[in-house]
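Me: Hi! I'm new to reading protein structures and would love some help with this one. Could we go through it together?

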There are 2 protein chains.
Amino acid sequence: MLAGGKIGYGWIAVALAIISIGDEITTGSIVDTNSAWISDFMISKGIETMLHLSVPDNLTKITGALRTAQNRARIVIVSGGLGPTEDDMTTQAACRFFRVEPVLNQEALQAIEDRFRAIDREMTENNRKQAMIPEGAEVLQNPIGTAPGYALANKKALFFFVPGVPAECRRMIQNQVWPKIPEMEKNKKIFRSITLRTFGLTESQLDQYLSEIRFPTSVRIGFRAVFPEIHVKITASKRDEDAVEKNLARAKLSIYQKVGDYIYTDQELELEEVIGEILRARKKTLAIAESITGGLITKRITDIPGSSDYLLAGYITYSNQDKIKTLGVPKELIEQKGAVSSEVAKAMAESARKKAGANMAVSTTGIAGPTGGTSQKPMGTVHLALADESGTWERRFSFLRPERRQIRELAAEAGLEIIRRRLLGLKEPE
Amino acid sequence: MLAGGKIGYGWIAVALAIISIGDEITTGSIVDTNSAWISDFMISKGIETMLHLSVPDNLTKITGALRTAQNRARIVIVSGGLGPTEDDMTTQAACRFFRVEPVLNQEALQAIEDRFRAIDREMTENNRKQAMIPEGAEVLQNPIGTAPGYALANKKALFFFVPGVPAECRRMIQNQVWPKIPEMEKNKKIFRSITLRTFGLTESQLDQYLSEIRFPTSVRIGFRAVFPEIHVKITASKRDEDAVEKNLARAKLSIYQKVGDYIYTDQELELEEVIGEILRARKKTLAIAESITGGLITKRITDIPGSSDYLLAGYITYSNQDKIKTLGVPKELIEQKGAVSSEVAKAMAESARKKAGANMAVSTTGIAGPTGGTSQKPMGTVHLALADESGTWERRFSFLRPERRQIRELAAEAGLEIIRRRLLGLKEPE
């Protein structure tokens with residue numbers, strides 16, 4: 001055990017801080033995915049992250065970040081800046097921060113030499129620099145890259161330094177860092193969470209419904225807008241695993257009782273995957289006729305492996321001409337009612353169903369903008385229809401959003417939701 | 001000008017700190033993309049980010065982050081935690097930090113009410129909470145969401161609070177935050193950059209081509225993989241604006257000479273926008289016949305406003321049956337050659353062109369996996385064809401990627417690239 005009794009536990013309530021180092025992060029050239037990955041890994045093990053910090057490759061900034069982190073957390077994971085080149089200065093900063101000298105570590109040097117032999121490349125002088133680690137640090141081997149990591153502790157916190165390359169960072173967190181986290185930090189709390197994915201209610205509407213529920217105090221409810229959906233995350237934390245599961249299940253049940261129709265899954269599944277599973281289980285086939293959504297529904301359905309089992313055809317009849325030619329929508333109907341109308345939506349769905357020989361067909365027509373809106377049919381007006389053996393259902397929606405993209409995504413999601421609700425015998429969305 | 005002379009400039013060398021707030025970030029449920037976007041935006045304006053910080057939705061953690069940030073930067077941008085629900089506590093934290101009370105802001109309330117009227121939905125009581133902002137703050141309007149932002153200053157820094165929803169955050173940074181940053185913070189260094197978007201070469205291939213070029217020392221070249229594209233960012237920094245522009249232009253010219261065919265734009269445009277502009281300028285029309293890409297090409301083309309001017313029809317013939325019924329591909333051809341074959345790809349493109357009466361049609365057929373591959377036609381085998389007045393071009397691609405999504409995205413991008421190259425008279429992609 002590296003840290004031994006050196007770390008002053010108990011004086012601070014928080015667990016983990018993560019520092020990502022690199023100009024490429026603070027200039028926005030890349031998105032820092034390591035911090036999210038490490039946090040996700042650690043929370044699955046019961047360790048909460050209290051802080052993410054990113055700073056440029058700069059001595060003062062790095063030591064400043066180390067200082068901030070140790071004042072907020074007992075475990076600090078630092079990624080990045082361990083490369084062989086001039087601009088990598090994490091080790092130099094660590095030495096300054098811990099007031100030690102860099103020393104050539106034979107174990108690290110050996111590993112680097114072995115690695116270069118293995119990939120049959122010549123080792124350069126600056127790769128030797130990567131074997132220089134702060135005096136007193138413990139080496140963390142890096143099986144898939146040249147830069148080793150290391151661990152160091154002071155009175156305030158235990159620090160792990162790993163490379164920034166995502167694959168190397170992740171591998172080392174799992175295999176080198178995790179086993180070295182002191183037992184007393186682990187599993188103090190058990191966290192479990194369930195995410196319910198909803199469509200059709202706003203965040204405030206959901207919040208209002210859910211505010212009528214009395215959840216156990218150990219349960220937290222969080223909302224996340226993943227346009228056009230709202231995801232409701234139920235998290236339970238407790239030292240006793242049985243209670244956690246029971247509290248989660250109870251909270252979930254209460255939420256389903258309030259807004260169950262709007263929840264399409266409690267798993268990590270997309271709406272199109274849920275629909276695919278239902279279609280497959282019920283041996284139903286599907287056709288799609290899209291105008292305003294321009295392929296978005298068909299694209300989402302075919303994102304799913306094996307969708308050719310139930311998707312028979314997608315007709316993207318974007319022009320009036322093509323609605324007439326491909327789907328046989330009567331020209332007079334379009335002239336009299338307009339392409340964006342109940343009648344045309346119904347004709348599209350019915351014709352697509354018949355043409356493809358499918359059990360069910362959904363259609364979309366509308367005005368995505370930015371041009372084409374009128375006072376009677378403003379931008380965001382969308383007609384959706386669904387035809388199956390029981391007849392044809394149709395509804396006009398007003399997706400009054402400022403952006404074309406939003407309107408199209410709402411129309412596609414609503415089209416999918418109509419399929420789901422019809423298949424499950426739920427009432428149609430409003 | 002909001003900040004006036006209140007901010008104590010000069011005592012600290014750094015410019016911008018960015019704080020992202022939300023449990024979803026520190027638990028790793030989502031990757032924080034806002035910070036990278038804001039940093040990228042700001043550096044293009046000459047403002048360097050010195051620190052990214054993420055903390056959970058927790059009063060103490062948020063005030064702690066505000067304190068850390070103001071000690072390191074003169075401008076602090078805070079995103080997230082402005083939603084209507086219980087777990088959003090950024091405003092409460094801001095009030096505690098600035099020692100002011102939250103007050104109902106009439107301007108903000110009006111905007112929220114207007115917005116709910118505009119999207120024809122009922123406003124709930126907790127949306128009113130979003131109009132409560134710290135006393136003395138200046139409202140920043142949010143044209144595409146309900147949560148307004150606000151700006152506040154103290155002696156150490158100027159703080160901007162914006163929502164965490166990426167589209168809203170970005171819009172507000174551009175339109176509300178940027179104009180309010182004091183002039184003296186701007187343009188201290190001149191950074192200019194151009195991004196060249198490429199498709200068809202790997203990062204190492206590009207790197208090899210570009211390594212033959214001698215760039216001026218003030219020019220930096222960076223690569224960014226935006227699957228399936230590689231974006232090449234040329235950045236020049238210098239205090240003298242003329243030299244910057246000249247160096248950038250020279251670097252760009254050199255790169256075009258090496259790999260010009262692979263660059264579809266030097267602007268912030270998607271490939272489908274570039275194609276749309278060319279089609280419109282040349283008064284050409286397009287039809288699309290998709291099998292493996294399942295609507296992805298048509299969706300991308302119709303993402304662009306006004307695409308109905310040139311897109312005549314999209315046929316998503318996902319099943320063999322539908323290739324026969326909708327496009328009239330001969331049944332025998334599919335039986336003899338297979339649905340994934342040069343012959344069927346050609347027949348699809350030719351038939352789509354004829355059926356839609358378009359100048360040009362592109363088609364895709366292939367094996368996206370995870371099942372359906374054979375030793376002769378492994379997963380990732382894709383045939384693309386393009387038919388126009390000069391005849392039909394066809395090619396087999398091997399997109400040997402492990403993921404269905406990647407294969408479909410590569411196939412769609414290649415399909416679009418074929419259209420672009422044909423329209424411009426460039427050689428077809430390999």
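Me: How many residue pairs are in polar contact between chain A and chain B?
Reply: The count is 38 residue pairs, both residues at pLDDT 80 or more. A polar contact is a pair of N or O atoms within 3.5 Å; within protein, one must be able to donate a hydrogen and the other to accept it, and residues adjacent in sequence count only if both atoms are side-chain atoms. Before we go on: this is a predicted model, local features need pLDDT of at least 70 and side-chain atom pairs count only at pLDDT 80 or more, while totals for chains, interfaces and linings use all residues. Residues are numbered from 1 along each chain as its sequence is written, chains are lettered from A and ligands numbered from 1 in the order in which they are written, and side-chain values use heavy atoms, with hydrogens and water left out.

Me: Thanks! Which part of chain A gives the largest share of the side that touches chain B?
Reply: That is strand β2 (residues 49–55) of chain A, with seven residues. Helices (H or I, at least four residues) and strands (E, at least two) are DSSP runs, numbered from the N terminus.

Me: And what classes of residue are on that side?
Reply: The side of chain A that touches chain B has 27 nonpolar, 30 polar and 19 charged residues. Here Ala, Val, Leu, Ile, Met, Phe, Trp, Tyr, Cys and Pro count as nonpolar, Asp, Glu, Lys and Arg as charged, and the others, Gly among them, as polar.

Me: How many residues are in contact on each chain?
Reply: 76 residues of chain A are in contact with 79 of chain B, contact meaning heavy atoms within 4.5 Å.

Me: What area is buried between chain A and chain B?
Reply: About 5,800 Å², with carbon and sulfur atoms giving 52% of it. Buried area is the accessible area (1.4 Å probe) that two parts lose on being put together, summed over both. In chain A, the residues that lose the most area to chain B are H52(A), R224(A) and Y318(A), together 9% of what that side buries.

Me: How many salt bridges cross the interface?
Reply: The rule finds four, a salt bridge being a side-chain nitrogen of Lys or Arg within 4 Å of a carboxyl oxygen of Asp or Glu. One of them joins R408(A) to D303(B), with the closest N and O atoms 2.8 Å apart.

Me: How do the two β14 strands run, parallel or antiparallel?
Reply: Antiparallel: three bridges join β14 (residues 311–316) of chain A to β14 (residues 311–316) of chain B. Two strands pair if DSSP finds at least two bridges between them. Y315(A) has Y315(B) as its bridge partner in β14(B).

Me: New topic: which peptide bond before P228(A) is cis?
Reply: The one from F227(A) to P228(A), with omega near 0°. P228(A) sits in the loop between β10 (219–226) and β11 (229–238) of chain A. In chain B, a cis bond joins G369(B) and P370(B), with omega about 5°. Most residues other than glycine have a negative phi, and most peptide bonds are trans.

Me: What phi does R99(A) have, then?
Reply: A positive one of about 55°, although R99(A) is not a glycine. R99(A) lies in the loop between α4 (90–98) and β4 (102–104) of chain A.

Me: Why does R99(A) count as exposed?
Reply: Because its relative accessibility is 77%. Buried means under 20% relative accessible area, exposed over 50%, and partly exposed in between (1.4 Å probe, protein chains only).
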